[in-house]
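Biologist: Would you please take a close look at a single part of this model, and set out which residues its side chains meet and how they are placed?

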Amino acid sequence: MRNFTDIILHIPHSSGRIEEDDLAKWSGDIESCIRRLTDWHTDKLFASELDGVHAMVFDYNRFYCDVERLVNDPMEEIGQGIVYRCFGDCVRNLAEDEVNKINNIYFVWHRGLADLCATCVAPLIVDCHSFPTDMAEDVDICIGFNDDWSNPGDELLKLIFDLFANAGYRVAFNRPYSNSMVPQENGVENCRSIMIEVNKSVYLDADGYTISAGLQRINELLNQLYKIILQ
């Protein structure tokens with residue numbers, strides 16, 4: 001297996017922060033969408049105090065700025081790129097200066113991610129997410145990866161799969177989500193990336209927000225994984 005010197009936890013969707021004046025720019029019941037698609041408590045779920053593990057937790061909600069999107073993302077065609085313009089029946093009206101401000105937040109974030117990668121000899125990005133149960137009721141843990149230079153290798157993919165499967169979880173590759181984040185900057189070819197998505201029913205109560213006992217068990221497994229990767 002490839003040797004990694006550092007793990008960078010990329011946690012883009014855990015924050016519920018979205019200002020009232022921005023909420024007012026949305027028509028429709030956008031708050032229901034926010035409740036459903038925010039990755040609640042993933043900052044706690046993936047947390048670690050191990051040496052060599054660094055967490056980047058985005059401070060805004062994805063419905064304000066989505067740092068997981070790409071520049072010229074295909075989702076832009078349906079109004080869900082870096083700056084969401086519509087979601088279902090909800091429409092967001094923004095002035096040009098507001099769009100520029102949000103785009104600047106995005107590029108500052110990715111510059112920071114690239115700079116952190118550059119300080120590490122051989123970093124692994126773990127792209128940290130959760131998903132609503134009805135997106136894949138038969139999957140507890142989703143492992144996502146890219147089919148390019150950033151792929152961390154079959155050995156690591158198998159290691160992650162086996163770790164969770166042997167603990168009794170149902171594991172799938174690239175379902176319900178695929179791929180994994182890399183910095184949207186040049187000069188970061190030293191990093192590799194893997195996405196781990198956890199079904200919300202595994203670590204949250206039925207309300208989709210309140211932490212259950214499952215969070216600690218998943219966190220313990222993740223920290224076990226971090227130790228193996230960095231040994």
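Modeller: The account below follows one loop and its partners.

The model is predicted: local features need pLDDT of at least 70 and side-chain atom pairs pLDDT 80 or more, whereas totals for chains, interfaces and linings use all residues. Residues are numbered from 1 along each chain as its sequence is written, and side-chain values use heavy atoms, with hydrogens and water left out.

The part chosen is the loop between strand 2 (53-57) and strand 3 (86-87), where F58 lies; helices (H or I, at least four residues) and strands (E, at least two) are DSSP runs, numbered from the N terminus. At 4% relative accessibility, F58 counts as buried (under 20% relative accessible area; exposed is over 50% and partly exposed in between, with a 1.4 Å probe and protein chains only).

The structure holds twelve aromatic pairs (rings of Phe, Tyr and Trp, the last by its six-membered ring, with centres within 6.5 Å; planes under 30 degrees apart are stacked, over 60 edge-to-face and the rest tilted). F58 and Y60 form a tilted pair, because their ring centres are 5.8 Å apart and their planes stand at 50°. Y60, like F58, is buried. With W109, F58 makes an edge-to-face pair, since the centres lie 5.1 Å apart and the planes at 70°. W109 belongs to helix 4 (residues 96-118), so this pair ties together parts that are 51 residues apart in sequence. W109 is itself buried, at a relative accessible area of 12%.

E68 is also placed in the loop between strand 2 and strand 3. Although E68 is buried, it has no salt bridge (a side-chain nitrogen of Lys or Arg within 4 Å of a carboxyl oxygen of Asp or Glu). The nearest side chain of opposite charge is R69, 7.4 Å away; Lys and Arg count as positive and Asp and Glu as negative, while His and the chain ends are not counted. The side chain of E68 does make a polar contact of 3.3 Å with that of H129 (N or O atoms within 3.5 Å, one able to donate a hydrogen and the other to accept it; residues adjacent in sequence count only if both atoms are side-chain atoms). Beyond its neighbours within four places in sequence, E68 is in contact (heavy atoms within 4.5 Å) with H10, P12, H13, D127, H129 and M181.

By contrast with E68, D66 does have a salt bridge, with R62, at 3.9 Å from N to O. D66 and R62 are both buried.
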